[in-house]
There are 2 protein chains.
Amino acid sequence: MATIYQVSELAGVSLATVSRVINNTVPVREATRLKVEAAMQELGYRPNSVAQSLASNRSNSIGIVVSELGGPFYGELLSRIENEFRAAGKHVIIAAGHSNADLERDSIEFLRSRNCDALILHVEAVDDAYLVELAESGLPFVLINRMVAGIEERCITLDNEQGGYLATEYMLQQGHRDIAYISGPLWKHDAQERYNGHQKALAKFGIGENKALFYEGDFQETGGVNGFNHLREQGHTFTALVCANDEMASGAITAVHEAGLDIPEQVAVIGFDNINFSHYTHPKLTTIDYPVAEIGQMAARWVLKRVYQRPIEDLQALFIPQLIVRDST
Amino acid sequence: MATIYQVSELAGVSLATVSRVINNTVPVREATRLKVEAAMQELGYRPNSVAQSLASNRSNSIGIVVSELGGPFYGELLSRIENEFRAAGKHVIIAAGHSNADLERDSIEFLRSRNCDALILHVEAVDDAYLVELAESGLPFVLINRMVAGIEERCITLDNEQGGYLATEYMLQQGHRDIAYISGPLWKHDAQERYNGHQKALAKFGIGENKALFYEGDFQETGGVNGFNHLREQGHTFTALVCANDEMASGAITAVHEAGLDIPEQVAVIGFDNINFSHYTHPKLTTIDYPVAEIGQMAARWVLKRVYQRPIEDLQALFIPQLIVRDST
DNA sequence: TTGTATGCGTTATCAG
DNA sequence: CTGATAACGCATACAA
């Protein structure tokens, strides 16, 4: 790979001048610029961004940590973020945290050591203190789907409790009174919040908690299958099933079918997230919309504004979930 | 962030020695090592990998280019690759090519300028010549799902033609004779190959091509919807529908339902890829399995072996697709 | 407008 | 086994 030095030699100018036309920071005489550009062209020169990064302490790259690279939710999120940054000439470096505190910390440290200008984090396992400390270290970052006291201005969240509330409230309004709930792992903030919303809705209708109608799943499809089967075995009948995400709802739907029951006639099912295959299910899944794309875009804009000083007006920090009624309720 | 220099000062050794304990390249006296480690600990030192990369011309990071970050196919692929590398202490930098030659080239250049030790490419738009040239430049890379003459040893592919053949052959064996085909964009290698397989199967059964039973889609769900509707309008009836991927098959299934037809009684449908939500459809989708996970893992191993000299034995270059029979046929 | 010199944080090549 | 010291490729004050 050609270096800036070779370019300067070929163009008959100093190395500094080449750097100037590359970054077009200070004015360069037109003739000189042309000479340099010709030389770059001829040598097929591409700046070494590692060296640029080391010298300037800026990398034009943004680090992203998500729990998993696969799955419809993260795919959509990553896709949107990458799009937004590519349009701005920035690049993303992605790492997976696998919902594990060590791996999450690891990923963050890795990205920081790669000189990322900013981070976008969807982390679930590291504790609040770590994040607050991270903020104090001066590293700019946004937190997605999690509200941490002390760094509220860096948090972009969905009102998960409200979403959980909406789902159950809808079931109640439809006349259901025996409502089962398949939760995500309760140590995850969003799972806990969604469940809180569920309880709140029940309380509003004067319905007490029934442990036999609760199952703590894993946010995966199998969690939905196991959840439904487990709930049936408890012996307490129910006519509605609220699932804390669409994957589990899909699993539950399969299990309901296998149990020979009809949806929604015998069991109504609702999910959460509105991931893009939620209408592939049969019947099409009623769910709570999680505006992933908007949130991803907002996180990217936060960075563009705060770190790269782009003129961006409306930064929205809290998103409100919406009920999407389809055929499973 | 603490630098290696500060560590050396605190430990009372030279900067070079610190570097040695970090990389434990040449032996260091135990006492010295302990002093240095203590100093690193105290300062919370983390090596700056940008500087490491610049100095060593090695980055321990692998660049990956895929068409999209979202979607079940790429999600699974990325996830698997990242897993494999993380276990080996390597990291991935991901860029999207969006099936566009300029963006693909751009992504590749970006990754190369980030000093990636190797690249894993799932590119569709850049031409063979570019890739051959890239290989000659000395950059190690593997190509996924594409066979390019001259650099066969860097290609890891699925036998797409065989897959296309299997799908249609199965329909024929089931007694279908009027078989419609919804293809991917034919400029994409895999789409073309799958279609070739389809034609081959037809030919084997002595059935000629019928333009009215062909539709060129976009590999997206909507392509399946539009495809089915278009095919019906052609007036030529068919009892089987072969789709070049599962997304289009899902769309087609929806369209078939909306047309008031039963699957598989009136129209049998088969997909391709066996992406993980293909059993969420109703009825569950018969399809051709694309072993994404294995292929992703193989690509990662190729790099570990060839670039990092890890002792890995079995590198498989060609994968054979398999028919997965479910309920849609 | 352009050139010179220095530094960014490491690795690597030499001597000791 | 350890310590100077020169790269690595580029950005950037400072001069000119």
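I started at DNA strand D, where H2(A) gives 5 residues, the largest share of the surface near the strand. Here "near" asks for a heavy atom within 4 Å, and helices are DSSP runs (H or I) of at least four residues, numbered from the N terminus.

A note to myself: this is a predicted model, in which local features need pLDDT of at least 70 and side-chain atom pairs pLDDT 80 or more, while totals for chains, interfaces and linings use all residues. Residues count from 1 along each chain as written, chains are lettered from A and ligands numbered from 1 in written order, and side-chain values use heavy atoms, without hydrogens or water.

Next I looked up phosphate neighbours. The side chain of A:Tyr45 has an N or O atom 2.6 Å from a phosphate oxygen of DNA strand D. For B:Thr17, a polar side-chain atom lies 2.5 Å from a phosphate oxygen of this strand. Both residues are among those that come nearest, out of 27 around the strand.

Then I turned to chain A, whose assignment (automatic or from a database) includes domain 2 (59–159 + 292–321) and domain 3 (160–289). Which side chains meet in a salt bridge? I found A:Lys188 and A:Glu124, at 3.0 Å, N to O; the rule wants a side-chain nitrogen of Lys or Arg within 4 Å of a carboxyl oxygen of Asp or Glu. The count between these two domains is 1 salt bridge.

Last, I noted that domains 2 and 3 of chain A bury about 1200 Å² between them, meaning accessible area (1.4 Å probe) lost on being put together, summed over both.

Definitions and conventions. A polar contact is a pair of N or O atoms within 3.5 Å; within protein, one must be able to donate a hydrogen and the other to accept it, and residues adjacent in sequence count only if both atoms are side-chain atoms. Helices (H or I, at least four residues) and strands (E, at least two) are DSSP runs, numbered from the N terminus. Buried area is the accessible area (1.4 Å probe) that two parts lose on being put together, summed over both.
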